[in-house]
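The exercises below each set a task and then work through a solution step by step. Please have the sequence and the coordinates open while you read.

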Amino acid sequence: MGQIPSLLNRLEARLQKFIEGGLGRVFPAYDLRQTLLRHLIQAMQTEIRLESPAAANLPAVPAEENLVAPDQFTIFAPADQIAGIKNQQDLLKELARELQQAAQMEHVRFLNPPTVRLIPTPDQGAGRIEVVAQFSLLDISQTSTLHQEPSVQRAASHPAALPALPSAFLIVDGVRTFRVEEALVNIGRQEDNHLLINDPRVSRHHAQLRFTLNRFVLFDLGSTGGTQVNGEQITQRILVSGDVITLGGIPIIFGSDPNTPASNTQTTQTPKG
């Protein structure tokens, strides 16, 4: 379908003005701003979905389908590029509003109002920017009518294009070892999670572990009991081997060997005590 590339081009044009203005205070380097804009559009393109108008009680469009965009955007940027920025959260909220307005003008829906987070990475100098877009896990029950356009299939369908996933594991409550074999691992009490922890202290969709920019990042998903790393309450945190994660009181040890591919690891059971 040709409507997605042309739509994304229009979205890019609408966002260009804001990124050159407001976000110029966050990313003063021109090349960095252009990289951010390109990655925002690419992230949206990777995750955008098509929805049946009839199933969603929406008006028909010429292609008889409606576009639904991911509503959570996480920007990974070099720490030295964003250190000391004033009003950072206000600017990110403004960017989220710009995303929503630009999408609405192109008749693209969000299941929830979009949010934008900025996570500093250790890269110095020019560094790299990466944008990860995803649907809120709370929206899973609303996405039964969604499907992905073949021309924008996510990179996971082309394994050769993905970075090698290092060996990593999670030791849950000192008893169970979970081998991390995917770049995105959802953790929670509900059965649709990759790592199921059947404990009332753990939220249905509690946390997410994501491998990006050659590192593992842990996100709290608005859980009731909260997420801690080494005793500190977090919303997101880059993990290093040996970190102790606590989900609502359940201890989880994160381990990783960056020199060993995940395919060579073996799942083991760690005896209690």
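**Exercise 1: Strand β2 and its partner**

Strand β2 is joined to strand β4 (residues 108-110) by three bridges, and the two run parallel. The model is a predicted one.

Task: find which residue of β4 stands opposite L67, and determine which residues lie on each side of strand β2 (residues 66-69).

Solution. Begin with the pairing, where L67 is placed opposite V108 in β4. Next, recall that side chains in a regular strand alternate between the two faces of the sheet. In strand β2, N66 and V68 lie on one side while L67 and A69 lie on the other. Finally, apply the cut-off for burial, which is under 20% relative accessible area; the four residues N66, V68, L67 and A69 are all buried, so both faces of the strand are covered.

**Exercise 2: The open sheet and its edges**

Task: state in which order the five strands of the open sheet are arranged, and explain why one side of β11 and of β16 is left without a neighbour in the sheet.

Solution. The order is β11-β10-β12-β13-β16, with mixed pairing. Because β11 (195-196) and β16 (236-238) stand at the edges and have a single partner strand each, one side of each has no neighbour in the sheet. For β11, two bridges join this strand to β10 (residues 184-188), and the two run parallel. Within this part of the sheet, G188 stands opposite L196 in β11.

**Exercise 3: Two buried polar residues**

Task: decide whether Q208 is buried or exposed, do likewise for N193, and find what the side chain of each one reaches.

Solution. Take Q208 first, which is found in strand β12 (residues 207-212). With a relative accessible area of 2%, Q208 is buried, and its side chain makes a polar contact with the side chain of N186 at 2.8 Å. Turn then to N193, located in the loop between β10 and β11; its relative accessibility of 8% means that N193 counts as buried. The side chain of N193 reaches the backbone oxygen of Q190 at 2.7 Å. When neighbours within four places in sequence are left aside, N193 is in contact with N186, I187, G188, R204 and H205.

**Exercise 4: A partly exposed proline**

Task: locate P120, classify its accessibility, and give the separation between its C-alpha atom and that of A77.

Solution. P120 lies in strand β5 (residues 115-121). Its relative accessibility is 42%, so P120 counts as partly exposed. Although P120 and A77 are 43 residues apart along the chain, their C-alpha atoms are separated by 5.1 Å.

Technical notes. Residues are numbered from 1 along each chain as its sequence is written. This is a predicted model: local features need pLDDT of at least 70, side-chain atom pairs count only at pLDDT 80 or more; totals for chains, interfaces and linings use all residues. Side-chain values use heavy atoms; hydrogens and water are left out. Buried means under 20% relative accessible area, exposed over 50%, partly exposed in between (1.4 Å probe, protein chains only). A polar contact is a pair of N or O atoms within 3.5 Å; within protein, one must be able to donate a hydrogen and the other to accept it, and residues adjacent in sequence count only if both atoms are side-chain atoms. Two strands pair if DSSP finds at least two bridges between them. Contact means heavy atoms within 4.5 Å.
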